[in-house]
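Please examine the protein and its ligand in the view below. The explanation is meant to be read alongside the coordinates, one region at a time.

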Amino acid sequence: MTVGSSPEFPAPLGQEAPPSSDTRPQAELREPPVAGGALPFLGHGWKLARDPLAFLCQLRDHGDVVRLELGPKTVYAVTTPALTGAVALSPDYIIAGPLWESLESLLGKEGVATANGPLHRRQRRTIQPAFRLDAIPAYGPIMAEEAQALVERWRSGEVLDITAESFRVAVRVSARCLMRGSYMDDRADRICSALATLFSGMYQRMVLPLGPLYRIPVPANLEFNRALADLHLLVDEIVADRRASGQKPDDLLTALLEAKDDNGEPIGEQEIHDQVIAILTPGSETVGSMIMSLLLVLTEHPELGDKIRDEVKSVVGDRPVAFEDARKLTFTANVIVETMRLYPAVWILTRRAVTDTELGGYRIPAGADLVYSPYAIQRDARSYERHEEFDPDRWLPERSKDVPKYAMSPFSVGNRKCPSDHFSMAELTLITAAIAAAFRFEQAPGSDPRPRIGITLRPRRLLVRALPR
Ligand code: HEM
């Protein structure tokens with residue numbers, strides 16, 4: 001980890017050995033049990049649709065790997081930290097399945113988040129340098145400037161729509177850091193408005209795959225299609241402007257424009273385009289969701305905000321928080337990590353088996369879809385004492401060593417691990433420190449903090465009043 005005394009997040013790409021696996025022949029392996037509570041015809045689908053978080057949290061009571069019947073389809077749910085680590089680290093599983101197919105059709109097929117095999121490895125090699133620990137300090141001034149801009153934008157007593165504010169700053173930081181240039185300043189706001197429309201529409205298209213119905217020209221579909229077209233246009237404009245400028249700053253966009261394929265040829269225009277989208281989109285949605293959850297926590301536990309303010313005062317004094325301060329803001333970082341434990345933006349992950357394989361002594365057939373939930377794993381009483389209590393001090397080094405391996409992997413592990421763990425922690429630390437030092441927060445009437453379960457997990461609608469310190 002980059003900051004604070006937070007837990008060891010996964011080792012970088014490819015450095016971790018998979019947990020040992022069972023070498024028994026397939027025939028001797030057991031069939032995973034079917035989870036309880038299936039209904040005729042509907043199977044477990046209605047429970048998963050009605051209250052997915054509660055449903056996923058109780059699955060471990062039925063077994064380490066359990067079968068879910070979703071209509072005619074069987075999906076394998078993995079419920080223990082060790083086995084989720086085994087799945088994430090094993091070459092027997094790839095990114096595939098309905099979630100990814102629906103994302104690909106909207107966002108493009110040649111981006112790192114949906115590619116597999118050699119293409120994915122090459123793409124990771126291209127983007128990785130922009131996210132390496134030693135690249136992060138160069139983003140520090142932009143992150144600090146955007147954090148300070150929030151403090152200056154928010155007025156005491158004003159009711160803030162935190163959904164809009166969180167996504168706006170998340171998009172601005174990713175876009176300005178990874179595709180540097182003043183041409184980004186206005187475009188960041190356009191990207192933000194396009195993504196806001198797309199995120200809600202995408203989730204609907206994922207859970208209700210109604211195909212042709214989304215082509216009917218009703219206002220919601222028209223708005224979605226306009227936002228999608230604008231996002232693609234914006235990315236083309238950004239690439240064209242950068243080329244026209246003749247500049248090659250040391251950033252992600254330069255890395256993409258200079259990237260070569262396996263034959264040493266420049267990568268195609270479509271791949272550059274899809275890559276920009278594949279990096280901006282998950283980056284903005286996840287960080288935006290985390291900022292919302294952090295603000296929810298600050299409204300529910302004002303004493304944490306007071307402690308963050310005290311830490312900022314003692315480390316930073318009265319000047320604005322700077323990137324160099326982030327490492328010393330250990331309490332702030334532990335509040336962020338604990339927020340990620342209880343409200344992981346990425347609450348569900350899926351994989352597909354590419355071969356007949358085994359998991360925890362169970363048979364997993366080639367083609368099987370697997371699912372596991374960081375939300376369920378990170379709230380499990382078997383891994384955490386007082387598992388539902390918000391306790392940032394559980395991430396003090398003397399306590400965090402007791403957390404079972406893979407019981408806290410909000411950025412995942414293995415070859416699909418989020419490239420942006422250091423980047424995101426630095427950004428979230430600077431934002432949390434700046435806003436908690438400047439304001440106390442309370443929820444305003446009309447706020448609905450219940451979880452909204454979409455592509456990411458976040459409060460439904462968070463209206464917050466910023467109060468002076
Ligand atoms: C992948 C979490 C921020 C870019 C992932 C994955 C997780 C994750 C769990 C793995 C998905 C899987 O295994 O299927 C998070 C969280 C974030 C965050 C919790 C913030 C707190 C970001 C940011 C960016 C980003 C800021 C870029 C600017 C990506 C990309 C991938 C990814 C490109 C795909 C990697 C691959 O498949 O090789 N993220 N992420 N993420 N994330 Fe993040």
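The paragraphs that follow treat the ligand site, the strands and a few individual residues.

The model is predicted. A convenient starting point is the ligand, whose iron atom has a single donor from the protein. That donor is the SG atom of Cys418, 2.3 Å away from the iron. Cys418 belongs to the loop that runs between α15 (397–400) and α16.

Around the ligand as a whole there are 29 residues, and the closest are His120, Arg124, Arg351, Arg416 and Cys418. The three arginines in this list each place a polar side-chain atom close to a ligand oxygen atom: for Arg124 the distance is 2.7 Å, for Arg351 it is 2.7 Å, and for Arg416 it is 3.0 Å. Two or more residues of the shell come from each of the elements α5 (117–131), α7 (162–178), α11 (269–300), β5 (349–353) and α16 (421–438). Helix α11 gives the most, with six residues. By residue class, the shell divides into 18 nonpolar, eight polar and three charged residues.

Which strands make up the open sheet, and in what order do they stand? Five strands form this sheet, arranged as β1-β2-β8-β5-β3, and the pairing is mixed. The edges are taken by β1 (65–70) and β3 (93–94); each has a single partner strand, so one side of each is left without a neighbour in the sheet. Strand β5, which also contributes to the ligand shell, pairs with β8 (residues 369–372) in the antiparallel sense over four bridges. Within this pair, Arg351 has Leu370 in β8 as its bridge partner. Arg351 thus links two parts of the description, since a polar atom of its side chain also lies 2.7 Å from a ligand oxygen atom. As background, strands of a sheet pair through backbone hydrogen bonds, either parallel or antiparallel.

A further set of pairings involves β12 (residues 463–468). Strand β4 (residues 159–161) runs antiparallel to β12 and is joined to it by three bridges, with Leu160 standing opposite Val464 in β12. Strand β9 (residues 439–443) likewise pairs with β12 in the antiparallel sense, over five bridges. In that pair, Phe441 has Ala466 of β12 as its bridge partner.

The loop between α15 and α16 deserves a second look for its backbone angles. Most residues other than glycine have a negative phi. Tyr406, located in this loop, has instead a positive phi near 70°. Ser412 is found in the loop between α15 and α16 as well, and its phi is also positive, at about 70°, although the residue is not a glycine. Are these two residues buried or exposed? Tyr406 counts as buried because its relative accessibility is 11%, and Ser412 counts as buried because its relative accessibility is 10%; the limit for this class is under 20%.

The last residue to consider is Gly45, which lies in helix α1 (residues 45–50). Gly45 has a relative accessible area of 25% and is therefore partly exposed. Apart from residues up to four places away in sequence, Gly45 touches Glu69 and Leu70. Its C-alpha atom is separated by 21 Å from that of Pro365, and the two residues are 320 residues apart along the chain.

Conventions
Residues numbered from 1 in each chain as written. Predicted model: local features only at pLDDT ≥ 70, side-chain atom pairs only at ≥ 80, totals over all residues. Heavy atoms only, no water. Near = heavy atom within 4 Å. Polar contact = N/O pair within 3.5 Å; in protein donor to acceptor, adjacent residues only side chain to side chain. Nonpolar A, V, L, I, M, F, W, Y, C, P; charged D, E, K, R; others polar. Pairing = 2+ DSSP bridges. Donors = N, O, S within 2.8 Å, 3.2 Å for Na, K, Ca; no water. Buried < 20%, exposed > 50% of the residue type's maximum accessible area, 1.4 Å probe, protein only. Contact = heavy atoms within 4.5 Å.
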